[in-house]
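User: I am new to reading structures and would like to learn how to read a sheet and a disulfide. Could you take me through them step by step?

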Amino acid sequence: MESLSGLSEAEYFLGDTDPGVGNGATMLISTADNSIAASTTFGTDFSTGVYKVSVRTKDLADNWSAVTTDYLVVYNPNGPRMTGKRTITPSLVNGDFLVGLNNDSQTDTAKFGFSVKYDSQQQISTNSDFQFSYSTGTRCNSTNPNNPPQNCHQLELNSSSIAWLTTQGQNSAEGIFQGTGSLVVDGVGQQVIFRVTGLDGERLDSSSPDRFALSIFAVGEDPSSATPMHKINTTNVAQGNVKIAD
């Protein structure tokens, strides 16, 4: 939400290709309760998968904001599947280790989105997808030598294939999937193996939180025994953000 004095236009685009300022898809501007919001409605023609959505807004002085991103998760309600989407705050206290995560008081956030399922032939659907991003720092666009950027880092993981998905535990509440993908850290890319673990708390009871964990490994390493190069330890999130369906 934005102050009534600040927002005049908003736009979005899908994927990694930025069409340029002012060339994105127009969003609806609406006002309510002394505030203003930008929104859009997506159609039903999306295939299952995870879509990166980038948004920027323009204020009344014609200044465009920086791009902010989130993920749109689309899934087929039929057949075995695991879906999830959430913004989380990595923490050293939680046992996480990521580029740019270097003190206990950091509030830099990460976002994940995934949709993984088997098709009618019991093969992982080609529409299955997983995306994860994390950025840190302040004044990252500054060119002022007296006020330089501080701790600016960017990590983004996009899956290229999912190898398998399995569920386990009480009421099959825990799902695990593994795949390969492209990891880009501060502009440097490499192929990696990743493993994601999610817990659907609603399969246990009415109060257990959902959980998300991610480990990223170099190609050729065994995720069952190797030490990951980046890791989000099991992180509690509100119920409804990780879903497992038979």
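User: How many bridges join strand 12 to strand 13?

Analyst: In general, the strands of a sheet pair through backbone hydrogen bonds, in either the parallel or the antiparallel sense. Here strand 12 and strand 13 (residues 210-218) run antiparallel and are joined by 8 bridges, and within this pairing Gly198 has Phe212 in strand 13 as its bridge partner. Two strands count as paired if DSSP finds at least two bridges between them, and strands are DSSP runs (E, at least two residues) numbered from the N terminus. This is a predicted model, in which local features need pLDDT of at least 70 and side-chain atom pairs count only at pLDDT 80 or more, while totals for chains, interfaces and linings use all residues. Residues are numbered from 1 along each chain as its sequence is written, and side-chain values use heavy atoms, with hydrogens and water left out.

User: Which residues does strand 11 cover, and over how many bridges does it pair with strand 12?

Analyst: Strand 11 covers residues 174-185 and pairs with strand 12 (residues 188-199) over 12 bridges, in the antiparallel sense. Ser182, for instance, stands opposite Gln191 in strand 12. The two strands form a hairpin with 2 residues between them, and Asp186 in the turn has a positive phi of about 50°.

User: In what order do the strands of the sheet lie?

Analyst: The open sheet is formed by 9 strands in the order 14-13-12-11-10-9-8-7-15, with antiparallel pairing. Its edge strands, each pairing on one side only, are strand 14 (230-237) and strand 15 (242-245). Neighbouring strands are turned by 15° against each other on average, direction ignored, where the axes are lines fitted to C-alpha atoms and angles run from 0 to 180 degrees between N-to-C directions. At the strand 15 edge, strand 7 (residues 81-88) pairs with strand 15 over 4 bridges in the antiparallel sense, and Gly84 has Val242 as its bridge partner there.

User: Which cysteines does the disulfide join, and are they buried or exposed?

Analyst: A disulfide is a pair of cysteine sulfur atoms within 2.5 Å, and a search of the whole structure finds 1. The disulfide joins Cys140 to Cys152, with an S to S distance of 2.1 Å. Cys140 lies in the loop between strand 9 (129-138) and strand 10 (150-168) and Cys152 in strand 10, so the pair ties together parts that are 12 residues apart in sequence. The torsion about the S-S bond is about -100°, so the disulfide is left-handed. As for exposure, buried means under 20% relative accessible area, exposed over 50%, and partly exposed in between (1.4 Å probe, protein chains only); Cys140, at 39% relative accessibility, counts as partly exposed, and Cys152, at 29%, also counts as partly exposed.
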